[in-house]
Amino acid sequence: MKRLNKELFITSLCLLIFTTTVFAGELVIKGSTTVLPIAQKAAEAYMAENPDVKISLSGGGSGNGIKAIIDGTAHIGNASRFIKQKEVNLANTKGVYPVPFRVALDAIVPVVNPKNTVADLSMTQLKEIYLGRIKDWKEVGGTPGEIVVISRDSSSGTFGVWKDLVMTKERVIPSALTVPSNGGIVQAVAKTPGAIGYVGLGYLTPEIKTVKVDGVSGTEENTLNGSFPIARGLFMFTKGWPKGDTMSFISFILSKKGQALVQEAGSIPLF
Amino acid sequence: MKRQHIDKTVQSGFLLVALFSITVLLLIMVFLFIEGLPILDHISVKEFIFGKYWYPTDDPADFGIFALILGSVCVTLLSGLMAIPLGIMTAVYLAEIASPRVAEIVKPIVELMASMPSVVIGFFGMAVVAPFIQELFDIPVGLNMFNASLMLAFMAIPTICSISEDAVFSVPTALKEASFALGATHFETIVKVVIPASLSGICTAVILGLSRAIGETMVVLMAAGGAAMIPGSIFDPVRPLPASIAAEMAEAPFRSEHYHALFAIGIVLFVFTFIFNLIADYISHKFRQVGEASL
């Protein structure tokens, strides 16, 4: 019992330390939870190659990542969006010049049941469906039947992309089913004839049918050439042009090896 | 060592173990409140409990859990409607009617049902029951309140059944014999003597079964559909309280409003199960069958 007690104590202490304070290591990375898996994989591989470099990594969202760069509390700020004008202005008043590095791409594809005849939806139609204004497939040229809207949990990065790019700040209807994972969406859409959902590019299976968006099919190629609309770049920001360890870490992510890790983390590599 | 010393050592040893587990539980409770209460800096209790919209990651965010509470309550009640009659009737059958040989086989099977992992039941609901009820009732989606309630009923039946069975079984034979002696049939004896005599045990069984259903996470996460809406029919998807915590906690930024709101949901859930257990405790003390004279 005593040993268990001790173990419990140590575990909780570790958790406490890891979650509350980021010790000033040699390289501090903060920001978007979408970029986190990429940064995590890259940091592990980088630290294995360079044992003298200590990287501490935490989430907190894109806004926090960029704020950390401006305040100087992190060397690298992750963001799943580009910097906003307001943030640029704030940086300028503090004499900071944030430099963006696009490290990966992220694309989300709308999917329906294979029995569904709809093959193409516009961004507006997708938005109207998720707002609950379009309720029946016949309104978008399909066979009549209720549309079952399936979404991801509001905390997920995939939902974040969908909200930013498709919903443009408006709210997904409360009656939308929410599923905790990409795999769950595939499962639910495959079993429900009237369903529509969305998944990351890496999760497509033959059990579900992809829908073109504004006539463009969601493929890695169309994401890379910029024609697929539900895609975005994932960024790492640095305070001024990076030097030393920061520079070599960014170069590592942009190298062939780093981009392979991007793919492993479920995003689209740049090349 | 003297015998008295051994006795003392063993006694204090057990005391320590008991204190340890109670302290840990107490600390968890304290932690729950420390992490949950700060949400009240952002919204009032009324807005939190009765707010209709749960959009925790929007800017500005909405932290109304009324739809989630309603989801939990509806799922629990509906599963109760299915599980209580089945559980109690099975218990009465096993204790009163079934031949000892049948009871010997059926009882372990019911108890085996209780050991079914909830994730298996949830997966069964999602992969097998959902498409089935979708076809059967011709509804657009099978992941809904009805599906989740059905699965929860499966989980509550063994609890309700085995505790009520003990209660029914422990009704003194003299009571039943007296009833038979007055000319009552077996059925009349069960309805008018045996069940009233074991009522406190049956109530405890029901409440423990329901509190298992309200706190169950995996099943509702997988089978209830997860829509944070106020349900209009039993075939609407719902998002019970535990499902929200399980789905969102991993991604909620540490010590953010969302994080505190999820802990506050934990407090609400704790209050629910706490009240359930208080009622169970009260009933089992108040209506306890003491000997044959008290009926």
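**Two chains in a predicted model**

Leaving aside neighbours within four places in sequence, L68(B) is in contact with W54(B), A228(B), R239(B), P240(B), L241(B), S244(B) and I265(B), where two residues are in contact if their C-beta atoms, placed from the backbone, lie within 7 Å. The structure is a predicted model, in which local features need pLDDT of at least 70 and side-chain atom pairs count only at pLDDT 80 or more, while totals for chains, interfaces and linings use all residues. Residues are numbered from 1 along each chain as its sequence is written, and chains are lettered from A and ligands numbered from 1 in the order in which they are written.

L68(B) sits in helix α3 of chain B, which covers residues 66-97. Helices (H or I, at least four residues) and strands (E, at least two) are DSSP runs, numbered from the N terminus. L68(B) counts as buried because 24 other C-beta atoms lie within 10 Å. A residue is called buried if 20 or more other C-beta atoms lie within 10 Å of its own, exposed if 12 or fewer, and partly exposed in between, with C-beta atoms placed from the backbone. Between L68(B) and V110(B), 42 residues apart along the chain, the C-alpha atoms are separated by 31 Å.

The helix that holds L68(B) can be checked against a simple ruler. The expected span of a helix is 1.5 Å times one less than its number of residues. The 32 residues of α3(B) should therefore span 46 Å, and the end C-alpha atoms are 45 Å apart, which agrees. Even so, α3(B) has a kink of about 30°, centred on G80(B); the bend at a residue is the angle between axes fitted to the seven residues ending there and the seven starting there. For α1(B), with 34 residues, the ruler gives 50 Å, and the end C-alpha atoms are 50 Å apart, which agrees. Only 1 of the 34 residues of α1(B) is buried, so this helix lies largely in the open.

Turning to chain B as a whole, the secondary structure comes to 12 helices and 2 strands. Along the sequence, the pattern reads α-α-β-β-α-α-α-α-α-α-α-α-α-α. The C-alpha atoms of chain B fill a box of roughly 75 × 70 × 35 Å along the principal axes, and 40% of its 295 residues count as buried. Of the contacts in chain B between residues at least 6 apart in sequence, 73% join residues at least 24 apart.

Chain A has 10 helices and 11 strands. Its C-alpha trace spans about 60 × 55 × 35 Å along the principal axes, and 46% of its 271 residues count as buried. Residues 24 or more positions apart account for 72% of the contacts in chain A with a separation of 6 or more.

Strand β1 of chain A, residues 27-31, offers a closer look at this chain. In β1(A), 5 of the 5 residues are buried. In a regular strand the side chains alternate between the two faces of the sheet. Both faces of β1(A) are covered, with L27(A), I29(A) and G31(A) buried on one side and V28(A) and K30(A) buried on the other. The strand β1(A) runs parallel to β2(A), residues 55-60, and 4 bridges join the two; strands pair if DSSP finds at least two bridges between them. Here L27(A) has I55(A) as its bridge partner in β2(A). Parallel pairing also links β1(A) to β3(A), residues 76-79, over 3 bridges, and in β3(A) the bridge partner of I29(A) is I76(A). Together, β1(A), helix α2(A), residues 36-49, and β2(A) make a right-handed β-α-β unit. A crossover is right-handed if, with the strands pointing away from the viewer, the path from the first strand over the helix to the second runs clockwise.

Where the chains meet, the contact takes 29 residues from chain B and 25 residues from chain A. On the side of chain B that touches chain A, α1 (3-36), α5 (118-136) and α11 (241-248) each supply at least two residues. Of these helices, α5(B) gives the most, with 4 residues. The residues on this side of chain B divide into 21 nonpolar, 4 polar and 4 charged. Ala, Val, Leu, Ile, Met, Phe, Trp, Tyr, Cys and Pro count as nonpolar, Asp, Glu, Lys and Arg as charged, and the others, Gly among them, as polar.

Two backbone angles complete the account. Most residues other than glycine have a negative phi. D214(A), though not a glycine, has a positive phi of about 50° and lies in the loop between β10 (212-213) and α8 (220-224) of chain A. With 15 other C-beta atoms within 10 Å, D214(A) is partly exposed. D138(B) also has a positive phi, near 50°, and is found in the loop between α5 and α6 (145-169) of chain B. With 7 other C-beta atoms within 10 Å, D138(B) is exposed.
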